[in-house]
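Here is a set of worked exercises to try with the model open on your screen. Take each task in turn, have a go, and then follow the solution step by step.

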Amino acid sequence: MPVVLALNPDDKRTLQTQVFQELRAMILEGRLRSGDAVPGTRVLSEQLGVSRNTVVLAYERLYAEGYIETQANVGTFVSSILPEAAMSSQRGSTVGGERVLASENNDETSPIDRLLVHKHERADGRRLKADFWIGRTESKLFPKSEWRKIVETKLRHQTDSMSVYGGPEGLETLRSAVSDHVGPSRGISTNFDNVLITSGTQDGLTLLAMAFKDKGYGFLHEDPCYLGALALFTAMGYASKGVQVDNQGIKIDDLPKTGKWIVYVTPSHQYPIGSTLSLERRFLLLEWARKTGSYIVEDDYDGEFRYDGAPLTSLRGLDQTGRVIYLGTFSKSFGPALRLGYLIANPKIMHPLRDWKQLISNGTGWMKQAAMAEFIHIGGYRRHLRRIRTAYMKRRDCLVSGLHNLFGDCQIVGETAGIHISWSLPTKYGSPSLLEKSALLNGIGIYRPETGGAWISKQNKSFSQTVVMGYAAISEAKIESSISGIDDCLRGLEK
């Protein structure tokens, strides 16, 4: 049967990707149904005016993902059984009487299509002079000497542990160390039985998505939010809905009144805007979860860093009904390459999470768990946090003062905590995207929420002038020179 595709030569996507996504959309929308024939690769390549290899590669991807199938000496057809996750993403589902797509705020691309590995370089391949990418940490502050001594001691005296499988929930010594640490630091009263060691936050989110799948829960998230969380739950077929945030965090009045939800929030330092969820809203969110039978996933990704004022007690610390699942990570205090984090939940939830951890990876590596447990136990982790907090606070001060010198009374959010801030570009300089591109040409990486690892819906116009900048991995000298470079860019943009 004839297939009409519209390829755009000005589209940033490759022609191969356009062919793949156009055909996939036709299948998901029902314009091509199971059993329908699709054109041969030679026919379609001639029709589109592209190389046959482009179409062949697109078809190979469609075949690999289960959208099409071939019949020897007959032809190529839409698969008789289409991928369940893909179909559920398109059809959506009903949560609390409300029909919600698997990604309600899915614009031209789905969240998973937006995932990327950030490269610290310009379009011409030259490395950036300064990259303010969110979440980067300073490798020079890693406690190499202390860590090396601990690892060497473990290898010298505990080599037997290298030849056995541990429990999927993680080493008891590390789980105990974590439970002891989060008590005074995050206001969480727990014990090691309620702690599960993960390979970072994304691993914890994956376990949660698996444990709650097909149990009637929708996925509720902040708008804007961390892209990795939304992409994961969307890929798993969850119906999702975004709730906008302001300078006090997620807007409680906009939460659905019915339905069971997994609501993903970053209350200590909203990702990517940087606002802190107010105490009043924390109690209101907990009450909403109790009334609707929903669960709150509290991602405390950079909660170790607080510079001004006393930190608010975590949602998990305020929770009286077991509705909060807490995610912590060592990625921001040690570095993401360590791939070590933890999850705290009540026993009812912990059992399926443990089972899924066993099925997916059978636990996290022994060596890094044992080393981290010892590092916390001897007080090294506490000393390390004090040291890097001091360093990051100086860099925060340098960046904030530089922006104030540049703009005067600049609107900055998130400077009291975390390792990144957001600020609002005055409209007289035009769109932040123009500044982002101009800065990149000058070797400086600054970002908008949607290019800095976050998802923001097109209907959310509250942050159209927002720029996000991580500062932990950049020295004060580089921050100062970068501010000067941004100033030069602004002079060329000023209306």
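## Exercise 1: two helices that cross

Helix α1 (residues 15-28) packs against helix α3 (residues 52-64) at an angle of about 45°, and their axes are 8 Å apart. Helices here are DSSP runs of H or I with at least four residues, strands are runs of E with at least two, and both are numbered from the N terminus. Axes are lines fitted to C-alpha atoms, for helices over the stretch in contact, and angles run from 0 to 180 degrees between N-to-C directions.

Before going on, note that this is a predicted model, in which local features need pLDDT of at least 70 and side-chain atom pairs count only at pLDDT 80 or more, while totals for chains, interfaces and linings use all residues. Residues are numbered from 1 along each chain as its sequence is written, and side-chain values use heavy atoms, with hydrogens and water left out.

**Task.** Classify the packing of α1 and α3, then list the residues that meet.

**Solution.**
- Step 1, the class: angles under 35 degrees count as roughly parallel, over 145 as roughly antiparallel, 65 to 115 as roughly perpendicular and the rest as oblique. α1 and α3 are therefore oblique to each other.
- Step 2, the hand: α1 and α3 make a right-handed crossing. A crossing is right-handed if the near helix is turned clockwise from the far one by less than a right angle, and left-handed if anticlockwise.
- Step 3, the contact (heavy atoms within 4.5 Å): α1 brings Leu15, Gln16, Thr17, Val19, Phe20, Leu23 and Arg24, and these meet Thr54, Leu57, Ala58, Tyr59, Arg61 and Leu62 of α3.
- Step 4, the chemistry: the contact of α1 with α3 holds 8 nonpolar, 3 polar and 2 charged residues. Ala, Val, Leu, Ile, Met, Phe, Trp, Tyr, Cys and Pro count as nonpolar, Asp, Glu, Lys and Arg as charged, and the others, Gly among them, as polar.

## Exercise 2: two further pairs

**Task.** Work through α7 with α13, then α14 with α16, in the way just shown.

**Solution.**
- Step 1: the axes of α7 (residues 172-186) and α13 (residues 366-377) come within 8 Å and cross at roughly 40°, so this pair is oblique.
- Step 2: the crossing of α7 and α13 is left-handed. Thr173, Leu174 and Ala177 of α7 touch Gln369, Met372, Ala373 and Ile376 of α13, a contact with 5 nonpolar, 2 polar and no charged residues.
- Step 3: α14 (residues 380-407) and α16 (residues 476-493) have axes that come within 9 Å and cross at roughly 25°, so they are roughly parallel to each other.
- Step 4: α14 passes α16 in a right-handed crossing. Among the residues in contact are Lys394, Arg395 and Cys398 of α14 and Glu476, Ile479 and Glu480 of α16. By class, the contact of α14 with α16 has 9 nonpolar, 1 polar and 5 charged residues.

## Exercise 3: backbone details

**Task.** Which peptide bond before Pro224 is cis, and where is Pro224 found?

**Solution.**
- Step 1: the bond from Asp223 to Pro224 is cis, with omega near 10°. Pro224 sits in the loop between β8 (218-223) and β9 (225-226).
- Step 2: a cis peptide bond also joins Tyr271 and Pro272, with omega about 10°. Pro272 is in the loop between β12 (261-265) and α10 (279-292).
- Step 3: Arg339, a residue other than glycine, has a positive phi near 50°. Arg339 belongs to the loop between β14 (324-329) and β15 (341-344).
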